[in-house]
Amino acid sequence: MDKMPRWADVVLIPLISLSLAFVAAGLVVAAIGENPFHALAVMIKGAFGSTSGWGYTLYYATNYIFTGLAVAVAFHAKLFNIGGEGQAWVAGLGVALPMLFLPSWLVPHWTIALVWCTLGAMLFGAGWAAIPAYLQAKRGSHIVITTIMFNLIAGAVMGYLLNGWLKNPDTQSAETVKFPAAAHLPSAHEMLAPFGINFSRSAPLNFAFILALAAAVLVWFLIWRTRMGYQMRAFGHSESAARYAGIPAVKITLVTMLISGALAGMLAINVVMGEQERLIRDFVEGAGFVGIAVSLMGRSHPIGIVLAAILFGALTQGGFELLFEFNNRISREMVLVIQALIILFTGALDNLVRYPLEAMFLRLRAPAKAVSK
Amino acid sequence: MDFLHVFSQLIATFDSTIRLATVLLIACLAGLYSERSGIFDIGLEGKMLISAFVSAAAAYETGSAWVGLLFGCGASIIFSLIHGLASITFRGNQLISGVAINFLASGLTVVIGNAWYGKGGQTPTLEGAARFGEITLPFANALRDVPLIGPIYSDLISGHKPLVYIGFLLVPLTWWLLFRTRFGLRLRAVGENPESVDTAGISVVRMRYTAVLICGLLCGIAGSYLSTSQGANFGREMTAGRGYIALAALIFAKWRPWYAMYACLLFGLLEAISNLYPNIDLGLFVIPVQFTQALPYILTVVILAGFVGKAIPPRAGGEPYVKER
């Protein structure tokens, strides 16, 4: 029998961990001489207080849904894909190349452009995950280390391309020229205007958010409704049992990582195609790592991931507001601190909350059992 | 290009290599203690970063580089204790704990640095005794003019910061501790087969905490070196991936101290080359600076893949130890 009810595992533990993380973050704010409650209020208002706030929050959430799903898919097969960062980075190239080099008659409308870019992003993202996956499956090299190395190699490759071959000669910064106007993804403002909703014009929220939600549904279907998903979960539960059941380990490892990489790559649709409309350096901004936290908090389930991604999106957006409201006294890196504490408490220190709770539920249950005898 | 010119360029390159390799070496040895005891540590980067910041701040406030070092090590040890708490006591995922520590250090250094000094996370420039000075070895000045040996001794071997010598002395010390003492045998054993150590009546938890503490101390020294020896203040993200290169070097060295030194010297050389000669023109084609910078990572992947000698990590690495009940 389980040590505690399922709702406690899915709802109670994350909430307690989250509170602990916020208390710790509040202590940091207090330590630098600011009022943590005021800071929290500023962040909440910044994230949800206006359509612009919502627009940014959900824009960041889109990134985190993609990277969170990427981590979760790998988690189900007990693979730890820490390389979402690099995969998304290289996927930016997969978006930029068709946009820069396809003749204009092949990009007549944003829907067609989206097909090319999605193909490019998923292909490049999956491609960057393929080598670590192959090395893990065939040569037994630890996927965590290889994906870390591939993050760093991706940085070098993108730096090289954006300072050379792909560089826009008219600017100083390392970036490509702007994508064709026909490839412009509809923004939330444009999509909601026909319904009479006046959504903020400046917010970067765009069509990619809908893709992210669709991806969440697809991942749910893949993991719990297909043979492949079943094999992945079986492999994750017990590799040896899966082998005896005739599930091919090499194939599962490879396919799982390819799906994971492709999902991480979809981030580039949101940022490179949807927001920047050109390829810039450092556009991933740690979203690959935040995906780990999102997946942890969401218990690797798409619904949990979407909710956790919105939370993290709100944190990122709220963090920007801190900077303005506190007149530079709290820097926006406070967001990193909060994210770190959430990763720490929900991920690494999970048992800090779990052990006492399990003990408590067992004690609560003990008298009930005695009666039933 | 005459011989003397090439020679002096070589000396300059190797001199820079030693400076750059030191921080990698100390961090790499830090990781070695931790991973040999079965605790994966991808948080080397974060621990170095927090130490670099705290060292610079403490050195600035007290005017002493040594006090800075002390505080830096303290901060790094606190971080390593968090890692120990998560991965030993609460049997959490060691990789996730490492990611959290890296994030925490990136965030805290800038938030606190900005609150204290208001310069976007930078600390004020260190002067005088707040920075480590160079050590001139005996006879270095007298021998300077002797051909060949003079420059090698006076420029290459002499004239470094104290932490450079400490770093390189740590290599034989670590080797001796690991392979010639009872402590070392036990440390290696908890990383390979904790059950056997437990059966012998030795506390796995205590051994692992000791290793994690040593790791914290060494990361502290490495971070302090960055901001008070190599540099003259702390800048945001100052470690710039060195923790990961150290991790790469550790794998490259197959978790052995002497090889760790060779690996760090090699990676230090690559960094020195990319600093001194950004784009190397080979006539037929140009080696871009990014390639030289990424080479440590590429080499590590090749080594990990087992195409050139197999790197096998400590067997119990990453697994929390659960005593049988």
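**Exercise 1. The contact between the chains**

Task: In this predicted model, find how many residues of chain B are in contact with chain A, and describe the side of chain B that touches chain A.

Solution:
1. The count is 38 residues of chain B, in contact with 38 residues of chain A.
2. Three helices of chain B each supply at least two residues of that side: α4 (94-117), α11 (242-252) and α13 (289-304).
3. The most comes from α4(B), with 15 residues.
4. Sorted by class, the side of chain B that touches chain A holds 25 nonpolar, 12 polar and 1 charged residues.

**Exercise 2. Overall form of each chain**

Task: Decide how the radius of gyration of chain A compares with the globule rule for 373 residues, and do the comparison for chain B with 325 residues.

Solution:
1. Start with the elements: chain A has 16 helices and 0 strands.
2. The radius of gyration of chain A is 22 Å and the rule gives 21 Å; the two are close, so chain A is as compact as a globular protein of that length.
3. Along the principal axes, the C-alpha atoms of chain A fill a box of roughly 80 × 60 × 40 Å.
4. Chain B has 13 helices and 2 strands.
5. For chain B the radius of gyration is 20 Å, close to the 20 Å from the rule, so chain B too is as compact as a globular protein of its length.
6. The C-alpha trace of chain B spans about 70 × 50 × 40 Å along its principal axes.

**Exercise 3. Burial and long-range contacts**

Task: State what percentage of the residues of chain A and of chain B count as buried, then turn to contacts across the sequence.

Solution:
1. In chain A, 52% of the 373 residues count as buried.
2. In chain B, 53% of the 325 residues do.
3. Of the contacts in chain A with a separation of 6 or more, 76% are between residues 24 or more positions apart.
4. In chain B, 75% of the contacts between residues at least 6 apart in sequence join residues at least 24 apart.

**Exercise 4. Two helices and their lengths**

Task: Check the spans of α4 of chain A and α2 of chain B against 1.5 Å a residue, and judge whether each helix is enclosed or open.

Solution:
1. α4(A) covers residues 84-101, and its 18 residues should span 26 Å.
2. The end C-alpha atoms of α4(A) are 26 Å apart, which agrees.
3. Of these 18 residues 15 are buried, so α4(A) is largely enclosed by the rest of the structure.
4. α2(B) covers residues 44-62, and its 19 residues should span 27 Å; the end C-alpha atoms are 26 Å apart, which agrees.
5. In α2(B), 17 of the 19 residues are buried, so this helix is largely enclosed by the rest of the structure.
6. Following α2(B) is B:Gly63, with a positive phi near 80°.

**Exercise 5. A helix pair in chain A**

Task: Classify the packing of α3 and α12 of chain A, and list the residues that make the contact.

Solution:
1. α3 (residues 51-76) and α12 (residues 267-276) of chain A pack at about 150°, their axes 7 Å apart.
2. An angle over 145 degrees counts as roughly antiparallel, so α3(A) is roughly antiparallel to α12(A).
3. From α3(A) come A:Thr62, A:Asn63, A:Phe66 and A:Thr67; from α12(A) come A:Leu267, A:Asn270 and A:Val271.
4. By class, this contact has 3 nonpolar, 4 polar and no charged residues.

**Exercise 6. A loop residue**

Task: Is A:Asn327 buried or exposed?

Solution:
1. A:Asn327 sits in the loop between α14 (302-325) and α15 (334-348) of chain A.
2. It has 7 other C-beta atoms within 10 Å, and 12 or fewer counts as exposed, so A:Asn327 is exposed.

Definitions and conventions. Residues numbered from 1 in each chain as written. Chains lettered and ligands numbered in written order. Predicted model: local features only at pLDDT ≥ 70, side-chain atom pairs only at ≥ 80, totals over all residues. Contact = placed C-beta atoms within 7 Å. Helix = DSSP H or I, 4+ residues; strand = E, 2+ residues; numbered from the N terminus. Nonpolar A, V, L, I, M, F, W, Y, C, P; charged D, E, K, R; others polar. Rg over C-alpha atoms; globule rule 2.2 N^0.38 Å. Buried ≥ 20, exposed ≤ 12 C-beta atoms within 10 Å, placed from the backbone. Axes fitted to C-alpha atoms, helices over the stretch in contact; angles between N-to-C directions. Parallel < 35°, antiparallel > 145°, perpendicular 65-115°, else oblique. Expected span 1.5 Å × (residues − 1).
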